[in-house]
Amino acid sequence: MATETPEQARAAYGVQSLSISEPAQSSSSNPTIQMSLEEKYQMLRSLADECIQEDELRNLLAHKPEPIAYDGFEPSGRMHIAQGVMKTINVNKMTSAGCRVKIWIADWFAMLNNKMGGDLKKIETVGRYMIEIWRASGMNLENGKVEFLWSSKEINARPDEYWPRVMDIAQKYTVQRITRCCPVMGRNVEEDLTAAQIFYPCMQCADIFFLQADICQMGMDQRKVNVLAREYCDEIKKKDKPIILSHHMLPGLQQGQEKMSKSDVSSSVFMEDEEAEVNLKIKKAYCPPNVVEGNPCMEYVKYLIIPWFNEFIVERSEENGGNQSFKSFEELAADYESGELHPADLKSALSKALNKILEPVRAHFKNDETAKQLLQSVKKYRVTR
């Protein structure tokens, strides 16, 4: 990727649209192989807790060789493993299944939502830092199948296409219907929203059509606005609706934390955390013995470690059961519920696996001068809501 400073990259709010190649290698990064229609379907379906609608996904894959999948993010602070590792896994699965992936760097959206205090210069710096992480983590960026698109640049390039769509969506729905989409911004309906935050869901809905997305592959917290896009298709008599693949939201480290939060460091393992930091955070994590449901450590193994390595290796002394390789989460869950696997052994193995995933990222931010400067800047910023 380009290595110029954020100021040099700007032009008409302009950060460049990026298509990055030559990524670092990772266990999660697989070369493209020929898949049957059913294999492509199963690969994509495995990404999501929910698919709307499964028959539409099958039909899309049968008739379009390279569907366009879309995901987006606000540059809003340091990246935790729920965003860094899971997105790498999901993007690699999508490109393996033949999709072209457009990752929408929602810089204007972050400004509307008061991230980084609404400072666009800081937001751009955070966006560049995030791209560096995915580049180092092993996201499969070969063959131009993954594009990073800055919302400010793309919207300014085609305003006559974008803004009429936004206004049409705003005209067709009530304020009450739009505010039901507030969870996409990490906000509640009861909050005292700014006018910008009311406008935000209309813009995010328009993004889907602006990017010509066949598939919306985002977290469950983005479900409401993706459903709004399908409803809008009914309003405008559009037959082909965007298919929604909503992935699981990983919980925070502590009991009762529904998801990892950038503003609460106790809830998250960050992508550039040092090995000792990862070990300490996992050691302190909530991990009740014999309990799988609501156990964040078990969820990290299920959604991050096993998909990455295709196994979960526990190393222990012979007197404590000896080393064991779990090839499926079901096998692991059975041992944990029965007490055959102790929380301390689970945590030790989880820490080791996470550190193995994160080591190339740590090395990149230590050895690459541009990445190092970006991280130093981001660490100085105050996370705002």
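A disulfide is counted here when two cysteine sulfur atoms lie within 2.5 Å of each other. Keep that cut-off in mind as we walk through this predicted model, starting with its cysteines.

Take Cys297 to begin with. The closest cysteine sulfur to its own belongs to Cys287, at 4.1 Å, so the two are too far apart for a bond. Cys297 is also buried, because its relative accessible area is 0%, and buried means under 20%.

Cys205 can be read in the same way. Its sulfur has that of Cys202 as the closest cysteine sulfur, but the separation is 7.7 Å, which is too far for a bond. Cys205 counts as buried too, with a relative accessibility of 0%. By the distance rule, the model ends up with 0 disulfides.

Cys205 and Cys202 also lead us to a helix pair, since both are among the helix 10 residues that meet helix 8. Two packed helices are described by the angle between their axes and the distance between the axes. For helix 8 (residues 159-172) and helix 10 (residues 195-210), the angle is about 125° and the axes are 8 Å apart. That angle makes helix 8 oblique to helix 10, and the crossing is right-handed.

Which residues of helix 8 meet helix 10? They are Glu161, Tyr162, Trp163, Arg165, Val166, Ile169 and Ala170. Facing them from helix 10 are Phe199, Cys202, Met203, Cys205, Ala206, Asp207, Phe209 and Phe210. Sorted by class, this contact has 12 nonpolar and 3 charged residues, with no polar ones.

Key: Residues numbered from 1 in each chain as written. Predicted model: local features only at pLDDT ≥ 70, side-chain atom pairs only at ≥ 80, totals over all residues. Heavy atoms only, no water. Axes fitted to C-alpha atoms, helices over the stretch in contact; angles between N-to-C directions. Helix = DSSP H or I, 4+ residues; strand = E, 2+ residues; numbered from the N terminus. Parallel < 35°, antiparallel > 145°, perpendicular 65-115°, else oblique. Left-handed = near helix turned anticlockwise from the far one by under 90°. Contact = heavy atoms within 4.5 Å. Nonpolar A, V, L, I, M, F, W, Y, C, P; charged D, E, K, R; others polar. Buried < 20%, exposed > 50% of the residue type's maximum accessible area, 1.4 Å probe, protein only.
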